[in-house]
Amino acid sequence: MSNVNKISLVEAIALVLIIIVNRLSVNMPQNIVLSCCSSAVLNAIYVSVLALLFIFILVKLFKRFPECDIMDISEFAGGKFFKNVICIILFLYLISIVSVLLRDFSETLKILYYIDTPIIYILMFFIGVCLVSNLFGGHSIVKTNLIICVIMLISLIVSYISVLPNAVPQRVFPILGYGAKQTFFYGITNIFAFNGLFVLYFLPPMLANKKDFKKLSIISILICAVLIISATASLLLAFSFSTQIEKISSLYMLLSNNEFGKYLQHPESLFAFTWILSFMSYLNICCMLLTVILKKFINVKNEKPFIIPFVLLYL
């Protein structure tokens, strides 16, 4: 992918983080709290350790293929047929996960701000931005994403800090919540919070310095772990674990209970704007990755004519 194959370590980290933080802004922390109640923080630490172990294995396996993505390795391991199977699986996975998150995020915006607006208008707004951005090319998407990622991280940090006055530490007890089996066995499904790490499969050929892949993987997983643990702790300590917020971002509800001084009494509106920017970048990156998969699948030179069908598949 010649237009995105020279990205720095910081830009690559931002690509991974933007996928993770979009799960944080919808309902992922709430899912962890509802499944594990008072042991949610312990479960978040547990799945973070498992994700870190997975990353060490991934780095070890990719070490022998410094300039290959997952599709190149698939072709080496099983030939062209196996590569095509992997391409189809990755394509279907991306379309499915992005479409579900697009619907959830649009539904949240409709409930909070645009109750009288048909949801198709909100969906088409995001689809239109994704289409235009990808027509400009991957280089502009990567550069813009870095700026948006920094804004989003600042937004999350401020959100977590704002919760501290309302935190009740006693809500972490009993420490095992519904029991060790629920926390460590059934709760292992919460590792899905780290699903943004799939971006790492595509990044080795794009890195300006091929030796940065190990740094990229470890730094990304550590930052993601801190963000997920912080989001889970903030929600657990601020609300009762029995509180269920249907169809509304839990992080939004945390912010709506705070005021930042006399002139910023509704900070959730400002933060919602940053989340919208973040979600736009998320859609752009996923569409960009779809073009990468397509080029490996059918060896097409110009992927831009396929961008319109991709965004329509999102819809």
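This report describes the overall architecture and the two largest pockets of a predicted protein model.

## Overall architecture

The protein contains 11 helices and 0 strands. Read from the N terminus, its elements follow the order α-α-α-α-α-α-α-α-α-α-α.

Of its 315 residues, 50% count as buried. Among contacts with a separation of 6 or more, 82% join residues 24 or more positions apart. The accessible surface amounts to about 14,700 Å², and carbon and sulfur atoms account for 70% of this area.

## Largest pocket

The largest pocket encloses about 290 Å³ of space. Its lining comprises 13 residues, and those nearest the centre are Val-59, Phe-62, Lys-63, Phe-213 and Lys-214.

Two helices, α3 (40-62) and α8 (213-238), each contribute at least two residues to this lining. The greatest contribution comes from α3, which provides 4 residues. By class, the lining of the largest pocket consists of 7 nonpolar and 6 charged residues, with no polar ones.

## Second largest pocket

The second largest pocket has a volume of about 240 Å³. Among the residues lining it are Ala-51, Phe-54, Leu-90 and Tyr-93, together with Ile-191, Phe-192, Phe-194, Asn-195, Leu-197, Phe-198 and Tyr-201.

At least two lining residues of this pocket come from α3, and at least two from α4 (70-112). The lining of the second largest pocket divides into 10 nonpolar residues, 1 polar residue and no charged residues. Helix α3 thus appears in the linings of both pockets, supplying at least two residues to the largest and at least two to the second largest.

Definitions and conventions: Residues numbered from 1 in each chain as written. Predicted model: local features only at pLDDT ≥ 70, side-chain atom pairs only at ≥ 80, totals over all residues. Heavy atoms only, no water. 1 Å grid on protein atoms, 1.4 Å probe; cavity = no way out; pocket = protein on both sides within 12 Å on 5 of 7 lines; lining within 4 Å. Points joined across faces, edges and corners; volume = space filled by probe spheres on them. Nonpolar A, V, L, I, M, F, W, Y, C, P; charged D, E, K, R; others polar. Buried < 20%, exposed > 50% of the residue type's maximum accessible area, 1.4 Å probe, protein only. Contact = heavy atoms within 4.5 Å. Areas by Shrake-Rupley, 256 points an atom, 1.4 Å probe, with all protein chains shown as cover.
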